[in-house]
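Let's walk through this protein together, one piece at a time. Please have the model open and ready to rotate as you read.

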Amino acid sequence: IWSKTNYNKPQVKFSEHVAAVKAIAWSPHQHGTMCSGGGTADRCIRFWNTLTCKPMHWVDTGSQVCNLIYSKNVNELVSTHGYSKNEIIVWKQPQMKKLAVLTGHTYRVLYLAMSPDGQTLVTGAGDETLRFWKVFHQKDNHNSHNHKYRLQFVILGEKIERYNYIIQIQMERNLIYHITNIIIKVKYYINKYIYFSKSGVLGFW
C-alpha cells in the first residue's frame, strides 16, 4: 500500500498470498477495507485493514480467483473463478457467506463488470461468451435476501440467446413506443396535407 505523498517507500506490505494476486477490490461500505484474490496455488480471498495495516479474515474459495467487485447497493462481494470450477460467487459481507453460485461458463471467467445502476453483472470467459446476470436490487431496496440470481442473456458472437422474459417485454415495449411515434407523425402529415389541400395552397384536393 502506497501513500500518494510518498512514492519512495510503501506504507505496508502484505505477503500472505502464496500465488499471484489476480484481483483486488476496495469496499465502498467499510472505510479502509480492501480484499485480494490469489491464483490457482492459493485460491483464497483475503481481507486487509489498510488503516491499521493489519490482515483480517480470509476464505479458501476452492478455485483460482480471477476478479473481485463489490456491490454498489448492498454490502456484498462478487468473485469470479478459473480452474477448476469456472464459476461466479456472490458473498454476503462481512461473514463471507455464499449467497449464490452462478454457473454456465466453461472456461476461466476472466472479465467482470457492473452496470452503472449496480444491478446487473456482465462476465466474459475463454469460452467466447458474455453472460449478463441480474444480481442486485436498486439501492433503495435493502431486502437483499429476496434476490433472484438469474441469467439474463448470453452473447455468442452475433447470436443472442435470451433467457429472461423481462428483456423480451422491454423490447416489445420499445417497439410499441416507436410504432406509436411513427403513427402519430404519419397522422400529423396526413392532416397537414388535407389542410393545405382544402385551403388551395397545393392547388388540388
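How many bridges join strand S6 and strand S7, and in which sense do the two strands pair? Strand S6 covers residues 76–81 and strand S7 covers residues 88–92; five bridges link them, and the pairing is antiparallel. One pair to look for on your screen is Thr-80 with Ile-88 of S7, which stand opposite each other. Bear in mind as you go that this is a predicted model.

These two strands belong to a bigger arrangement. Four strands make up an open sheet, and their order across it is S5-S6-S7-S8, with antiparallel pairing. At the edges you will find strand S5 (65–70) and strand S8 (97–102), each of which has a pairing partner on one side only. On average, neighbouring strands in this sheet are turned by 20° against each other, with direction ignored. As you follow one of the strands by eye, it helps to remember that side chains in a regular strand alternate between the two faces of the sheet.

Now step back and take in the whole chain. The protein has 13 strands and one helix. Reading from the N terminus, the elements run β-β-β-β-β-β-β-β-β-β-β-β-β-α, so the helix comes after the strands. Of its 205 residues, 39% count as buried. The accessible surface comes to about 13000 Å², and carbon and sulfur atoms account for 56% of that. What share of the contacts between residues at least 6 apart in sequence joins residues at least 24 apart? That share is 33%.

The loops that follow S6 and S7 deserve a pause. Between S6 and S7 lies a loop that includes Ser-84, and the peptide bond leading from Tyr-83 into Ser-84 is cis, with omega near 15°. The loop between S6 and S7 also holds Asn-86, whose phi is positive at about 50° although Asn-86 is not a glycine. Is Asn-86 buried or exposed? Its relative accessibility is 13%, and because the limit for buried is under 20%, Asn-86 counts as buried. Moving on to the loop between S7 and S8, you meet Pro-94. The peptide bond from Gln-93 to Pro-94 is cis as well, with omega near 0°. These spots are worth a look because most peptide bonds are trans, and most residues other than glycine have a negative phi.

Another positive phi turns up earlier in the chain. S3 and S4 pair in the antiparallel sense, over five bridges. Their hairpin has four residues between the strands, and within it Cys-53 takes a positive phi near 60°. Cys-53 sits in the loop that connects strand S3 (44–49) with strand S4 (54–60). With a relative accessibility of 32%, Cys-53 counts as partly exposed.

Since we have come to a cysteine, let's visit two others. Cys-44 has Asp-60 in S4 as its bridge partner, and at 5% relative accessibility Cys-44 counts as buried. Cys-35 is buried too, with a relative accessible area of 0%. How many disulfides does the structure hold? The number is zero.

For a view of a buried site, go to Thr-123, which lies in strand S10 (residues 120–125). Thr-123 has 0% relative accessibility and so counts as buried. Which side chain does the side chain of Thr-123 meet in a polar contact? The partner is the side chain of Trp-133, at 2.9 Å. Setting aside its neighbours within four places in sequence, Thr-123 also touches a number of other residues, among them His-105, Val-109, Tyr-111, Leu-112 and Arg-131. The contacts of Thr-123 include Thr-80 and Ile-88 as well, the pair that stands opposite each other where we began.

Finally, travel back towards the start of the chain. Asn-6 is found in the segment before strand S1 (21–26). Its side chain reaches the backbone nitrogen of Asn-8 at 3.0 Å. With 33% relative accessibility, Asn-6 counts as partly exposed.

Technical notes. Residues are numbered from 1 along each chain as its sequence is written. This is a predicted model: local features need pLDDT of at least 70, side-chain atom pairs count only at pLDDT 80 or more; totals for chains, interfaces and linings use all residues. Side-chain values use heavy atoms; hydrogens and water are left out. Two strands pair if DSSP finds at least two bridges between them. Axes are lines fitted to C-alpha atoms, for helices over the stretch in contact, and angles run from 0 to 180 degrees between N-to-C directions. Buried means under 20% relative accessible area, exposed over 50%, partly exposed in between (1.4 Å probe, protein chains only). A polar contact is a pair of N or O atoms within 3.5 Å; within protein, one must be able to donate a hydrogen and the other to accept it, and residues adjacent in sequence count only if both atoms are side-chain atoms. Contact means heavy atoms within 4.5 Å. Accessible areas come from the Shrake-Rupley method with a 1.4 Å probe; for residues, only the protein chains shown count as cover. A disulfide is a pair of cysteine sulfur atoms within 2.5 Å.
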